[in-house]
Amino acid sequence: MADELHEECGVIGIYRMDETRNAAPLVYYGLYALQHRGQESAGIAANNHGSIELRKGLGLVGEVFRGDALNLAGNIAIGHVRYSTAGDQSVRSAQPLAAICRLGELALAHNGNLVNAESLREMLTDEGAIFHSTTDSESILNLICQHGTRGIESGIRNAMSLIKGAYVLVLTIGDKLIGVRDPYGLHPMCIGKLTKEEGYVLASETCALEALDAEFVRDVQPGEIVIIDREGLHALEPSHLSRKNLCVFELVYFARPDSIVDGVSVYDFRRRCGMKLAGQRKIDADVVMAVPDSGIPAAIGYAEASGIPYGEGLIKNKYMGRTFILPDQEQRDAAVRIKLATIKHNIEGKRLVLIDDSIVRGTTLRRIVKLLRDEGAKEIHVCAASPEVRYSCYFGIDTPHREKLIAVQKSPEEICEYLGADSVTYLSEESLRDVCGEDLYCKACFDGKYPMEVPVSGGEVSDNRA
Ligand code: SF4
């Protein structure tokens with residue numbers, strides 16, 4: 001659920017064909033729409049006829065860009081919001097990253113994690129490369145610069161042949177804005193067209209296009225490089241190894257419900273998971289309730305399919321911002337009460353079906369169940385709109401180590417007892433497969449079938465490919 005899993009980044013790039021108009025303000029609005037993908041830092045790099053100017057800082061978009069911080073000249077700009085899963089949490093590791101190399105001035109923003117980051121860094125360090133941060137994104141930047149003797153396109157192609165893992169990149173150099181998606185398409189990236197003027201948008205999610213009143217053109221394909229310059233938009237053919245494995249957690253939890261990811265409505269996907277859950281097991285209950293916000297579409301779907309009315313019982317405090325790990329139980333309980341208010345009328349004396357998008361550690365869900373009990377709920381039947389999370393992610397989603405996952409630690413009965421619920425039901429892997437349709441997704445956190453070799457403890461590599 002929301003407090004237990006974190007996405008690490010959102011990226012955006014804007015190209016305004018009118019060279020007198022600055023792209024940074026549009027990137028700024030787009031970053032607001034992508035804020036859910038990272039709240040630790042934000043940054044914008046603007047390209048003014050090949051000269052890059054960069055602003056970044058720790059905090060939310062609105063905290064970083066105050067006053068004149070948006071006075072960045074240039075009709076091309078890229079932006080980034082970050083939750084760190086690799087690298088430290090200092091401003092040095094905030095993105096975009098910028099460099100001056102033989103190709104010119106270059107800025108890059110990255111979403112995802114590389115599985116061979118350590119060996120790449122070692123290789124680059126041995127070759128004399130200097131690093132300013134601890135992010136794997138800086139290795140990508142170095143590789144592109146080093147291997148770009150025949151231009152930026154070949155630099156990117158060569159870098160892509162060396163890096164392994166998940167990456168969505170936006171870059172700007174010279175008169176170009178460039179988007180890159182890894183050959184597995186693990187994280188999303190779409191292309192939009194500005195409607196009130198000539199220009200293009202590259203973004204992690206379509207919700208950023210909506211915020212800019214831009215029209216959806218298409219998704220960037222796995223392994224594809226798209227280039228926008230004065231001539232317009234063109235694409236380099238994806239490598240023949242490309243095979244789509246979109247992270248299913250993008251649909252389960254990360255993406256905003258109003259986004260369309262690789263042709264799938266996030267809202268509808270979650271609603272259908274809820275409908276499937278209702279079909280798996282009949283529960284006698286009075287109200288279907290969601291853990292807000294990501295559990296809401298699944299709860300609506302569950303209510304629709306089961307005929308049990310949907311009711312709001314938990315209201316999320318949207319103004320609380322980020323929370324920190326609080327030192328004792330009393331303070332943590334208080335934090336849940338501030339974060340989630342209750343509507344007692346819908347809870348007291350009621351038998352509840354409580355829907356969450358997923359159960360990872362179960363710690364926050366346990367506090368929510370207690371909160372509902374304190375408000376007088378008669379029965380609480382917890383339902384997760386995804387299967388048991390049994391494996392860690394190596395591709396940029398901050399899942400805990402395997403041994404900390406509740407589905408690994410405990411049996412179903414023990415989970416129920418730990419949560420303080422009357423029953424616990426997970427969406428079955430079969431139901432998830434039905435909702436997904438074609439097998440175009442990475443579901444490794446549920447089934448352990450990673451789309452590529454991943455590192456395991458002791459620096460070994462596990463090959464459990466789907
Ligand atoms: S392992 Fe899980 S979180 Fe990571 S990419 Fe695959 S489905 Fe997504």
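**Exercise 1. How many of the 10 residues of helix H1 (residues 24–33) are buried, and what follows for the helix as a whole?**

Solution. The structure is a predicted model, and the steps below describe that model. The count for helix H1 comes to 7 of its 10 residues, and the helix is therefore largely enclosed by the rest of the structure. The next step is to name these residues along residues 24–33: Ala24, Leu26, Val27, Tyr28, Gly30, Leu31 and Ala33 are buried. The last step is to ask what lies over them, and the covering elements include strand E1 (9–16), strand E2 (41–48) and strand E4 (76–82). Strand E10 (199–203) belongs to this cover as well, together with helix H2 (61–64) and helix H6 (206–211).

**Exercise 2. Find glycine 199, decide whether it is buried or exposed, and list what it touches.**

Solution. Begin with the location: glycine 199 is found in strand E10, one of the elements that cover the buried residues of H1. Then apply the cut-off, by which a residue is buried if 20 or more other C-beta atoms lie within 10 Å of its own. Glycine 199 has 23 C-beta neighbours inside 10 Å, and it therefore counts as buried. When residues up to four places away in sequence are left aside, glycine 199 touches Ile14, Tyr15, Arg16, Met17 and Leu194. A further step looks along the chain to isoleucine 228, which is 29 residues apart from glycine 199, with 9.0 Å between the two C-alpha atoms.

**Exercise 3. Work out which strands pair with strand E6 (residues 104–111), and in which direction they run.**

Solution. Start with strand E5 (residues 97–101), which is joined to E6 by 5 bridges and runs antiparallel to it. The connection from E5 to E6 is a hairpin of 2 residues, and within the pair alanine 99 stands opposite leucine 106. Turn next to strand E7 (residues 168–173), where 6 bridges make the link to E6 and the two strands again run antiparallel. Here histidine 110 has leucine 169 of E7 as its bridge partner. Finally, consider burial: 6 of the 8 residues of E6 are buried, so this strand is largely enclosed by the rest of the structure.

**Exercise 4. Compare the length of helix H11 (residues 363–374) with the expected span, and identify its buried residues.**

Solution. The helix has 12 residues, and the expected span at 1.5 Å a residue is 16 Å. From its first C-alpha to its last, H11 reaches 17 Å, which is close to that expectation. Its buried residues are Thr364, Leu365, Arg367, Ile368, Val369 and Leu372. To read such a list, recall that an α-helix has 3.6 residues a turn, so residues three or four places apart point the same way. Just after H11 comes glycine 376, whose phi is positive at about 100 degrees.

**Exercise 5. Locate the unusual backbone geometry described for Pro96, Asp293, His49 and Asp213.**

Solution. The background is that most residues other than glycine have a negative phi, and most peptide bonds are trans. Take the peptide bonds to begin with: the one from glutamine 95 to proline 96 is cis, with omega near 5 degrees, and proline 96 sits in the loop between E4 and E5. Another cis bond joins proline 292 and aspartate 293, with omega about -5 degrees, and aspartate 293 lies in the loop between strand E17 (287–290) and helix H9 (296–306).

Now take phi. Histidine 49, in the loop between E2 and strand E3 (51–58), has a positive phi of about 50 degrees although it is not a glycine. With 11 C-beta neighbours inside 10 Å, histidine 49 counts as exposed. Aspartate 213 has a positive phi near 60 degrees and is placed in the loop between H6 and strand E11 (214–219). Its C-beta count within 10 Å is 12, so aspartate 213 is exposed.

**Exercise 6. Which residues surround the ligand, and which helices supply at least two of them?**

Solution. The residues around the ligand are Leu186, Cys247, Val248, Phe249, Cys393, Phe395, Ile397, Cys442, Lys443, Ala444 and Cys445. Sorted by character, this shell holds 10 nonpolar residues, no polar ones and 1 charged. Helix H7 (248–254) and helix H15 (444–447) each supply at least two residues of the shell.

Technical notes: Residues are numbered from 1 along each chain as its sequence is written. This is a predicted model: local features need pLDDT of at least 70, side-chain atom pairs count only at pLDDT 80 or more; totals for chains, interfaces and linings use all residues. A residue is near a molecule or strand if its C-beta atom, placed from the backbone, lies within 6 Å of it. Helices (H or I, at least four residues) and strands (E, at least two) are DSSP runs, numbered from the N terminus. Ala, Val, Leu, Ile, Met, Phe, Trp, Tyr, Cys and Pro count as nonpolar, Asp, Glu, Lys and Arg as charged, and the others, Gly among them, as polar. Two strands pair if DSSP finds at least two bridges between them. The expected span of a helix is 1.5 Å times one less than its number of residues. Two residues are in contact if their C-beta atoms, placed from the backbone, lie within 7 Å.
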